[in-house]
Amino acid sequence: MGIAPELLGRIFEPFFTTKEPGRGSGLGLSQALGFVQQSGGGIRVASTPGRGTTVRLYLPLTPGPASGVIARPAALSPSPDRQFSVLLVDDDDGVRSVTAAMLGAIGHKPIEAASGRKALTMLEEGAIVDAAIIDYAMPEVNGVELGERLRRLQPNRPILFITGFTDSVGLGGANAAGTVLQKPFKPADLAAKLARITENARSGGRDD
């Protein structure tokens with residue numbers, strides 16, 4: 001149907017979507033852009049509301065094996081002084097996969113769970129983590145319930161909630177304390193938030 005002009009500049013942002021919660025991750029175009037840019041190409045989008053959208057992918061033509069320097073992404077933040085095992089819980093496979101890649105890029109080890117119930121099982125079976133990143137809106141066991149259970153099993157573990165809802169009243173004090181990261185977020189945003197909560201935990205403070 002076409003893309004509104006005020007949204008056109010945001011379509012490649014990771015996690016940005018105009019779909020209802022649970023119906024889209026907002027990762028399709030950002031992944032396409034990453035692939036094309038890594039290949040030395042680009043994307044051009046032309047769109048008119050009411051008429052439709054055309055997306056053109058441009059890739060370099062080479063007569064033989066590709067050569068040259070591959071551009072590497074800039075470091076997200078200084079490497080941490082030690083690796084943290086981070087419980088990552090999100091029922092959206094696409095979001096969880098990208099977030100796990102972000103965690104790996106900043107030097108931490110993600111331990112993934114596709115649901116709050118699966119994460120609870122892992123914790124009750126003895127999994128020990130240094131921190132947790134938990135999606136707020138999940139079926140059966142939501143983020144708040146999982147966070148409370150984690151605090152009982154492993155006290156003082158720093159928890160970062162991620163949510164696509166602008167009104168996160170259900171998160172209560174966590175939102176006020178700054179331990180909520182709003183979707184869509186960029187890798188640098190995740191790195192900064194995680195550094196804050198882990199540093200607070202190491203220094204003996206509480207961010208919850």
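Where is the place of Ile11, in relation to α1 (5–8) and α2 (28–38)? In this predicted model, Ile11 belongs to the loop that runs between these two helices, α1 (5–8) and α2 (28–38). Although it sits in a loop, Ile11 counts as buried, because its relative accessible area is 12%, and the cut-off for that term is under 20%. Once the neighbours within four places in sequence are set aside, the residues in contact with Ile11 are Ile3, Phe16, Leu29 and Val45. A further relation can be read from the backbone, where the C-alpha atoms of Ile11 and Gly28 are 9.5 Å apart in space, with a separation of 17 residues in sequence.

From this loop, the description turns to the sheet. Five strands form an open sheet with parallel pairing, and their order across it is β4-β3-β5-β6-β7. At its edges are β4 (109–113) and β7 (180–182), each of which pairs on one side only, and on average neighbouring strands of this sheet are turned by 20° against each other, with direction ignored.

Within that order, the pairing of β5 with β6 can be followed in detail. Strand β5 (residues 131–135) and strand β6 (residues 159–163) run parallel and are joined by four bridges; Asp135, for example, has Ile162 in β6 as its bridge partner. Both strands also take part in a packing arrangement with a helix, since α5 (residues 143–153) lies across β3 (85–89), β5 and β6. With respect to β6, helix α5 runs at about 175°, an angle that is taken between N-to-C directions on a scale from 0 to 180 degrees.

Terms used
Residues are numbered from 1 along each chain as its sequence is written. This is a predicted model: local features need pLDDT of at least 70, side-chain atom pairs count only at pLDDT 80 or more; totals for chains, interfaces and linings use all residues. Side-chain values use heavy atoms; hydrogens and water are left out. Buried means under 20% relative accessible area, exposed over 50%, partly exposed in between (1.4 Å probe, protein chains only). Contact means heavy atoms within 4.5 Å. Two strands pair if DSSP finds at least two bridges between them.
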